[in-house]
Amino acid sequence: QESRGLGDVYKRQVMLREKIVRTCMFLLRVGMGGFFLFVAGRKLLHLDQLQATIDRFSIFPEAWGHPLASLGVACEIVVGLGLLFRRTCAGAALLGSALTFTFVALFVQGWIRGLSLSCNCIGVEREVTSYPFEVAWRLGLFALMLVILWNSCRKGKTYFNVTRLDFSEM
């Protein structure tokens with residue numbers, strides 16, 4: 001009888017822990033979705049500044065600045081909306097991880113090349129004064145996106161139960 005009681009206590013602890021993890025992951029997913037939508041909205045208002053920032057990186061031809069700026073904002077909107085819904089979370093997290101990794105790579109190459117850059121990262125242009133800080137917070141965003149991606153792909157999370165149908169008697 002006593003061992004059975006301990007098993008029930010353990011089950012309740014596991015269920016509570018899983019509920020806390022699910023709640024934290026929900027808040028992280030919705031928070032990151034809101035962040036991406038907020039940033040995309042601000043960038044839409046200043047798309048010309050974003051284009052100028054892309055041109056200053058001197059990686060792509062100048063004619064590509066506007067299409068890349070528009071594509072980046074569109075991807076941020078897709079990621080933001082995708083993170084808000086559970087069914088599209090894995091794809092949005094994958095795209096968001098790719099975007100944040102790209103931002104990290106752009107800043108690292110700018111740092112290595114010794115460029116003096118301004119950033120339009122949150123939709124408002126500002127001067128980059130500390131490359132280590134800029135790279136570190138982008139790596140933090142990248143890590144959060146990887147956590148969301150991991151959570152959306154782990155086993156045990158299904159949105160429907162698979163039922164085996166038997167049509168042998170028809």
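Two residues are in contact when they have heavy atoms within 4.5 Å of each other. With that meaning in hand, look at the whole chain, where residues 24 or more positions apart account for 68% of the contacts with a separation of 6 or more. The model is a predicted one, in which local features need pLDDT of at least 70 and side-chain atom pairs count only at pLDDT 80 or more, whereas totals for chains, interfaces and linings use all residues. Residues are numbered from 1 along each chain as its sequence is written, and side-chain values use heavy atoms, with hydrogens and water left out.

Colour by secondary structure next, and you should find five helices and two strands, which follow the pattern α-α-α-α-β-β-α along the sequence. Helices here are DSSP runs of H or I with at least four residues, strands are runs of E with at least two, and both are numbered from the N terminus.

Now select helix H4 (residues 89-112) together with helix H5 (residues 131-153), which pack at an angle of about 160° with their axes 8 Å apart. The axes are lines fitted to C-alpha atoms, for helices over the stretch in contact, and the angles run from 0 to 180 degrees between N-to-C directions. H4 and H5 are therefore roughly antiparallel to each other, a term for angles over 145 degrees, while under 35 is roughly parallel, 65 to 115 roughly perpendicular and the rest oblique.

Keep H4 and add H3, whose axis comes within 8 Å of that of H4 and crosses it at roughly 140°, so H3 and H4 are oblique to each other. Among the residues that make this contact, show Cys75, Val79 and Leu83 of H3 and Ala93, Gly96 and Phe103 of H4.

For the interior, select Met32, Phe36, Val79, Leu83, Ala93, Met145 and Ile148, the residues with the most contacts inside the largest nonpolar core, which has 15 residues. Such a core is a set of buried Ala, Val, Leu, Ile, Met, Phe, Trp, Tyr and Cys residues joined through side-chain atoms within 4.5 Å, and buried means under 20% relative accessible area with a 1.4 Å probe, protein chains only. Helix H1 (2-45), helix H3 (65-84), H4 and H5 are the elements that give two or more residues to this core.

Centre the view on phenylalanine 36, which, leaving aside neighbours within four places in sequence, is in contact with Glu76, Val79, Gly80, Leu83, Gly96, Leu99, Thr100 and Met145. A second, separate core of six residues includes Ala40, Leu47, Ile54 and Ala69.

How values were computed: Buried means under 20% relative accessible area, exposed over 50%, partly exposed in between (1.4 Å probe, protein chains only).
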